[in-house]
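Dear colleague,

Please find below the structure that I am handing over to you. I would be grateful if you could look through it before reading the notes that come after it.

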Amino acid sequence: MNTALKGKHFITTQDWSIQELKTIFELAKQLKLDFARGKFSRQHAGKSLGMIFFDPSTRTRTSFESAMTQLGGHSIYFAPETMQISHGEGARDTAKVLSGYLQGIAVRFCKFGQGNRYLEELRAASAVPIVNMQCDVYHPAQILADYFTIMEHFGENTRGLKLGVSWTYAPNYMRPLSVPQSLILMMPRFGIDVTLAHPPEFQLMPEVIEQAERNARESGTVFSVTNQMEHAFEDADVVIPKSWGPLMHTLDAKQGLALIDKYPDWICDEKRMELTKKNSLYMHPLPADRGKEVTPGVIDGPHSVVYQEAENRLHVQKALLSLIL
Ligand code: CP
């Protein structure tokens, strides 16, 4: 248990020790029980969290906003086009000004090559914690909820579990790399062996792969990368198959969508789920492209815990905000 987390930024779980992350999970467990009993603390009465969304959201906005309300505080939703950001005001001035009013600044900014840089610029200038609600590189709040959900099913000792993270087909737009990247970084630190599967053009950022390999080595776990979707499913306790764009290959939308269209058979279906362990979990951060990324039979089937996973966003984020604001 680490009780000295007030003021700590949350941009990537990589900045947080295992003990610090465990403190979030311990508190989230308590807060989830309190939530079930309709019991809310007023711990953050009088405090405000600013939330800047450069990109759309259903789960992240609602869960962070509700978390602040349930802690007795207030949240302010900002669309950048309604702020002076739209006239070119930079991260430094935005952070310095907002941190004079607020107790925390949360940001979603997924544009490749810009989002994480913007968050780091805010961090450098802010007097209050910066919370990453998803950028181009990381989606740490999602992965907190994912791990918390895994613990609810398998218990607190997750060493030796096998997680398959697989690319899936999904047309129309290029999704960020942040979910698979945050998964491969954090899960090995908790003793989980991770297999990452993707078609050749869908590599993740090399520096993230290297860090994931270091994390796995240091925690005595296995991290492997394959171009065969089935390898991520074989004997897995948990699978998290989702789409991302070929952003290491091309930033051109037309070329990227054409590459995605090469692999419509990369779907999580019943046949692939049969390769997993009997009591395996199917997880997805949502929104899922039904019929493309996953069959309705799997996402609505006995392995799926996607709604529990989505609900857990609220509990882990409330724990996070409770500790850092
Ligand atoms: N999983 C997730 O971040 O969902 P939203 O995009 O709806 O926030």
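The notes below describe the ligand site and then two features of the backbone. Please bear in mind that this is a predicted model.

The ligand site

The ligand occupies the largest pocket. Around the ligand are Ser57, Thr58, Arg59, Thr60, Arg108, His139, Gln142, Pro285, Leu286 and Arg313. By residue type, this shell comprises two nonpolar, five polar and three charged residues. Both domain 1 (13–139 + 313–324) and domain 2 (142–309) contribute at least three residues each to the shell.

Several polar atoms of the protein lie beside those of the ligand. Arginine 108 places a polar side-chain atom 2.9 Å from an oxygen atom of the ligand. For threonine 58, a backbone N or O atom is 2.7 Å from a ligand oxygen atom. In the case of proline 285, a polar backbone atom lies 3.0 Å from a nitrogen atom of the ligand. On its own the ligand has 260 Å² of accessible area, and the protein covers 92% of that area.

The backbone

Most peptide bonds are trans, and most residues other than glycine have a negative phi. Two places in this model depart from these patterns. Leucine 286, one of the residues around the ligand, is joined to proline 287 by a cis peptide bond with an omega of about 5°. Proline 287 belongs to the loop between strand 9 (281–282) and helix 11 (296–299). Glutamine 134, which is not a glycine, has a positive phi of about 120°; this glutamine 134 is part of strand 4 (residues 130–135).

With kind regards

How values were computed:
Residues numbered from 1 in each chain as written. Predicted model: local features only at pLDDT ≥ 70, side-chain atom pairs only at ≥ 80, totals over all residues. Heavy atoms only, no water. Near = heavy atom within 4 Å. Polar contact = N/O pair within 3.5 Å; in protein donor to acceptor, adjacent residues only side chain to side chain. Areas by Shrake-Rupley, 256 points an atom, 1.4 Å probe, with all protein chains shown as cover. 1 Å grid on protein atoms, 1.4 Å probe; cavity = no way out; pocket = protein on both sides within 12 Å on 5 of 7 lines; lining within 4 Å. Sits in = over half its atoms within 2 Å of the grid points. Nonpolar A, V, L, I, M, F, W, Y, C, P; charged D, E, K, R; others polar. Domains from an automatic or database assignment. Helix = DSSP H or I, 4+ residues; strand = E, 2+ residues; numbered from the N terminus.
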